[in-house]
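I opened the model to go through its strands, loops and cysteines, and kept notes as I went. The entries follow the order in which I looked things up.

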Amino acid sequence: MTARIIDGKQIATQMRREIKEQTEQLKQKGIIPGLGVIIAGDDPASQSYVRAKTKACDKAGIYSVDEHLSADVSQEKLISLINSMNSNPKIHGILVQLPLPDHIDESEVLLTINPEKDVDGFHPTNLGKMLTGQKAPLSCTPHGIIQLLQKTGIQIEGAEVVIVGRSNIVGKPLANMLIQKNDTGNATVTICHTRTKNLAEHTRRADIIVAAAGRANTITADMIKEGAAVIDVGVNRIDDATKKKGYRLVGDVDFENVKEKAAFITPVPGGVGPMTITMLLYNVLEAAKNTAAKS
Ligand code: NAP
């Protein structure tokens, strides 16, 4: 069996088109969806993520403002900037690019964001709402994965899903979304991590595997069952002298061999990545719609 490659770029492009249409409709009512982005420090990867996010906003007709702070910014200054965005009616969503410099208390900062403007879905209020099945902005990467599965026609209900990775931004929220008693849930979920005793024993049972370990070749062909759907979240740099930058990006899955056994597989790049930014745009639009509904 050779897997169908799930084209995250194409699915994301279609969704972004729909988001743009809805943004235009909202503008007719006098509301321009707005995103405030805060970045502290000069981490090149973070800077490139922020550039990609603001560019995507621009294309979708979403207003964005990008506040770049120095790496030695005080926690008070960061919090005061969030508070000013909390009270700015032009800003419907706030995104603080992680990681923050070491001297900043990340959870304290994220708690400052008004949960209604929490377009990353990281605020404990929103995580609690999601856990208890209430409407809330959903974390972008897990939500993007669910969209990929749904739009590819992969059945989630009743599926055995094995997630490799238990981070607060991918594994934990995704597991909770997939066990909800709703039409994007009803799966049976196992989460694996570095203390899991026999990883392959779990992954071989899975109808759907989500690899979010951040290590190349974590999932090899012998670890999956024939016909599984394999979603690769990982983004890893591998030295490659043939590339201009001296490296190339790979996921957590041994793509070439796993694709010969799986029924569906996402590539890296071009799978989950484009969906993450798309769900951010979606959350900004939803936050703006909520504002419109209140006015
Ligand atoms: P993270 O916070 O480092 O978490 C990695 C998780 O994987 C941890 O729970 C760790 O277990 C587990 N793990 C690592 N090696 C493992 C192994 N060999 N076997 C089993 N479990 C293992 O990473 P993250 O932030 O969730 O990100 C994961 C990957 O996804 C990274 O490559 C990141 O760049 C990528 N990512 C991509 C997107 C996107 O939009 N494409 C978005 C977010 C993240 P312990 O808890 O026991 O340490």
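Entry 1, strand 7. I looked at which way the side chains point in this predicted model. In strand 7, Ile 208 and Val 210 point one way, while Ile 209 and Ala 211 point the other way. I noted all four as buried. Such alternation between the two faces of the sheet is what a regular strand shows.

Entry 2, partners of strand 7. I listed the bridges next. Strand 7 runs parallel to strand 5, and four bridges join the two. On that side, Ala 211 of strand 7 stands opposite Val 164. Strand 7 also pairs with strand 8, again in the parallel sense and over four bridges. There, I found Ala 229 in strand 8 as the bridge partner of Ile 208.

Entry 3, the sheet. In what order do the strands of the open sheet stand? I read the order as 1-11-8-7-5-6, six strands with parallel pairing. Strand 1 (4-5) and strand 6 (188-192) are at the edges, and each has a single partner strand, so one side of each is left without a neighbour in the sheet. The backbone hydrogen bonds through which strands of a sheet pair can be of the parallel or the antiparallel kind.

Entry 4, the edge at strand 6. Strand 5 (residues 160-164) runs parallel to strand 6, and I recorded five bridges between them. Val 164 stands opposite Cys 192 in strand 6. Helix 7 (residues 171-178) packs on the sheet and touches strand 5, strand 6 and strand 7 (208-211). The direction of helix 7 makes about 170° with that of strand 5.

Entry 5, cysteines. How many disulfides does a search of the whole structure find? It finds zero. A disulfide is a covalent bond between the sulfur atoms of two cysteines. I checked Cys 57: the closest cysteine sulfur is in Cys 140, 11 Å away, which is too far for a bond. The cut-off I applied is 2.5 Å between the sulfur atoms. Cys 57 counts as buried because its relative accessibility is 0%. Cys 192 also has a low value, 1%, and counts as buried.

Entry 6, backbone exceptions. Most residues other than glycine have a negative phi, and most peptide bonds are trans. I searched for departures from both habits.

- The peptide bond from Leu 98 to Pro 99 is cis, with omega near 0°. Pro 99 sits in the loop between strand 4 (93-96) and helix 4 (106-112).
- The peptide bond from Val 268 to Pro 269 is cis too, with omega near -5°. I placed Pro 269 in the loop between strand 11 (264-265) and helix 10 (272-294).
- Asn 186 is not a glycine, yet has a positive phi of about 65°. Asn 186 belongs to the loop between helix 7 and strand 6, and counts as partly exposed at 29% relative accessibility.
- Asn 217 has a positive phi near 60° and is likewise a residue other than glycine. Its loop lies between strand 7 and strand 8 (229-232), and at 48% relative accessibility Asn 217 counts as partly exposed.

Entry 7, His 92. Is His 92 buried or exposed? At 5% relative accessibility, I count His 92 as buried. His 92 lies in the loop between helix 3 (75-86) and strand 4. Leaving aside neighbours within four places in sequence, I found His 92 in contact with residues including Ile 31, Ile 32, Pro 33 and Gly 34. Glu 116 and Lys 117 are among the contacts of His 92 as well, and so are Val 284, Ala 287, Ala 288 and Thr 291.

Entry 8, the whole chain. I counted 10 helices and 11 strands. The radius of gyration is 19 Å, close to the 19 Å that the globule rule gives for 295 residues, so the chain is as compact as a globular protein of that length. Along the principal axes, the C-alpha atoms fill a box of roughly 55 × 40 × 35 Å. Buried residues make up 49% of the 295 residues. Of the contacts between residues at least 6 apart in sequence, 69% join residues at least 24 apart.

Entry 9, domains. The domain assignment gives domain 1 (31-114) and domain 2 (140-274). I took the centres of domain 1 and domain 2 over C-alpha atoms, and 28 Å separate them.

Notes
Residues are numbered from 1 along each chain as its sequence is written. This is a predicted model: local features need pLDDT of at least 70, side-chain atom pairs count only at pLDDT 80 or more; totals for chains, interfaces and linings use all residues. Side-chain values use heavy atoms; hydrogens and water are left out. Buried means under 20% relative accessible area, exposed over 50%, partly exposed in between (1.4 Å probe, protein chains only). Two strands pair if DSSP finds at least two bridges between them. Contact means heavy atoms within 4.5 Å. Axes are lines fitted to C-alpha atoms, for helices over the stretch in contact, and angles run from 0 to 180 degrees between N-to-C directions. Domain bounds come from an automatic or database domain assignment. The radius of gyration is taken over C-alpha atoms; the globule rule is 2.2 Å times the number of residues to the power 0.38.
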